Number of protein chains: 2
Amino acid sequence: MARYQVGIQTEARIIEATRSLLAEGGMEACTLKAICDRAKVRSGSFYNLFDSKEDAIIRVVRESIEAVDPDPDHAGTDTVDDLVHAYIRFFHEEPTMARVYVTAALTGESSATGARRRFLRHHLRRVERFADAMQRGDTTLTPEDAEVQAELLLGALDGLAFRWTLDQDFDFPKHALFAAERIS
Amino acid sequence: MARYQVGIQTEARIIEATRSLLAEGGMEACTLKAICDRAKVRSGSFYNLFDSKEDAIIRVVRESIEAVDPDPDHAGTDTVDDLVHAYIRFFHEEPTMARVYVTAALTGESSATGARRRFLRHHLRRVERFADAMQRGDTTLTPEDAEVQAELLLGALDGLAFRWTLDQDFDFPKHALFAAERIS
DNA sequence: ACACAATTTGAGTATACACTCCAAGTTGGA
DNA sequence: TCCAACTTGGAGTGTATACTCAAATTGTGT
C-alpha cells in the first residue's frame with residue numbers, strides 16, 4: 001500500500017527532467033520520449049506515475065509559479081508592488097516557463113475541461129489577491145472597482161509579457177512598472 | 001504565363017476553406033486534410049498554390065485583421081477610440097481568429113523567423129498608430145511617452161483578450177473600454 | 001525467507017501529420 | 001489547331017506522437 005522510496009525518486013526525476021526540458025526548449029522540446037530519456041525511465045514507468053504528459057507539465061509550471069510567490073502563506077500582507085515584482089521576477093527568471101504557461105492556456109483542448117480551466121482558476125485567485133492588495137492600499141476603493149482594476153493590471157502584465165515573447169529586446173520590467181504605477 | 005482562371009478559383013476555395021475551419025475550430029481543426037476536403041482539392045493542388053499550410057493560415061489571419069481596420073488607407077485620422085473599438089470588434093466578430101492570432105505568435109517556430117517576426121512587425125505598426133492617435137488627442141505628449149503609453153494600452157488589450165479566451169463569459173468590451181479610459 | 005504489492009520494462013499499438021512526386025489532364029495564347 | 005505552361009489526382013513517404021499492457025523484477029513489512 002505504502003509508496004516505495006524508489007517510486008518517489010523516479011517521480012522526482014521525471015519532474016526534474018520535464019522542468020529542465022521546458023526551460024531549455026519550451027513545449028516543442030518536451031516530448032514524452034525526451035522526458036523519459038532524460039529521467040532514465042521507460043514510458044511505462046511514466047504512466048505508472050502520471051496520468052498524462054500534460055499532467056507532468058502542469059505540475060512543473062505550478063511549482064515554478066509558486067516558487068516566486070511573495071506571500072506563499074497567503075497571510076494577506078503583500079502589497080500591489082510585491083505582487084507586480086513577483087510577476088516580473090517570474091518572467092525574468094523563467095522566461096521559457098512563462099511562455100509555456102501562456103501557450104498551455106491557449107492550446108489546451110478546446111473543450112473547457114483540462115488545462116484551460118486550471119489556468120482560469122489560477123488567474124481568478126491572482127485577481128483576488130491583487131484586488132485585496134489594492135483595497136489595503138486605498139481603503140476608499142469599492143470591492144467591485146478593485147476587481148475591475150485588478151483585472152486590468154493583470155491583463156496589462158499578461159499582455160506586456162506576451163509582447164516580450166514576441167521580442168526579447170522589449171524592456172518588460174520597465175513597461176510593467178509603468179503599468180503598475182498607472183493602474184493602481 | 002498568365003495565371004489560369006481555374007487556378008485562381010482553386011486558390012480562393014482553399015482560402016475560404018481555411019478561413020471557415022479556423023473560425024469554427026481553431027488551429028486544431030485546421031489540418032491539411034480538412035482544408036483539402038472542404039476545398040474539394042487534393043494535396044498536390046494545395047502545394048501547387050501554397051508553399052505550406054502556414055502560408056495559407058497567415059494569409060487568412062491577415063485578411064481577417066485588415067477587415068476590421070478603422071482606417072485602411074492610413075490617412076492618419078483615426079482616434080484612439082476608433083482603434084480600441086476596432087480591436088474590440090475584431091475579438092467580438094472573429095473570436096476564434098483572434099485566438100489563432102495569439103497562438104500562432106506563441107507557437108511559431110522557436111527560431112525568430114517566420115510567424116513570430118510577422119506578428120511583431122504588425123504589432124509595431126499598431127503601436128505606432130496608437131501613439132500617433134494619442135499625440136493627436138493630447139499635443140503635450142512627447143513621442144517617447146506616447147509610445148510607452150501605446151505599448152501599455154495595446155498590452156492591456158492583448159492581455160484582456162487572452163483573459164477572454166480563458167473564459168468566454170468575461171466581459172471583454174467593458175474591460176477594454178475601462179482600459180482605454182484609464183490609459184489614454 | 002516469504003508473500004505480495006509497488007514498480008519497471010520495452011516492445012507494441014494506433015494514429016496523425018505535413019509534405020512529395022509525377023503522370024495525366026486542362027487551359028488558353030499564337 | 002497546337003503545345004507549352006499550368007493544374008490536378010491521389011497514392012505514397014517519412015516521421016513523429018502519446019499511450020498501453022502483460023510479464024518480469026524489485027522493495028518492504030513480517
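This report covers how two protein chains meet each other and DNA strand D in a predicted model.

**The two chains**

Chains A and B touch through 32 residues of chain A and 33 residues of chain B. On the chain B side, α1, α6 (95-107), α7 (115-137), α8 (143-166) and α9 (172-183) each give at least two residues. The largest share comes from α8(B), with 13 residues.

How are the two copies related? Chain B superposes on chain A after a rotation of 180 degrees, with 0.0 Å of shift along the axis. The RMSD is 0.2 Å. This is the relation of a two-fold axis. Of the interface residues of chain B, 97% are also interface residues in chain A, so the copies meet through the same surface.

**The surface near DNA strand D**

DNA strand D is surrounded by 24 residues. The closest are A:L32 and A:G44 from chain A, and B:G7, B:R42 and B:G44 from chain B. In chain A, α1 (5-29), α2 (32-39) and α3 (43-49) each give two or more residues to this surface. In chain B, α1 (5-29) and α3 (43-49) do so. The largest share, four residues, comes from α3(B).

**Residue classes**

The table sets out both surfaces by class.

| Surface | Nonpolar | Polar | Charged |
|---|---|---|---|
| Side of chain B that touches chain A | 15 residues | 10 residues | eight residues |
| Surface near DNA strand D | nine residues | 11 residues | four residues |

One element of chain B, α1, appears in both settings: α1 supplies residues to the side that touches chain A, and α1 (5-29) of chain B also gives residues to the surface near DNA strand D.

Key
Residues numbered from 1 in each chain as written. Chains lettered and ligands numbered in written order. Predicted model: local features only at pLDDT ≥ 70, side-chain atom pairs only at ≥ 80, totals over all residues. Near = placed C-beta within 6 Å. Nonpolar A, V, L, I, M, F, W, Y, C, P; charged D, E, K, R; others polar. Contact = placed C-beta atoms within 7 Å. Least-squares fit on C-alpha atoms with pLDDT ≥ 70 in both.
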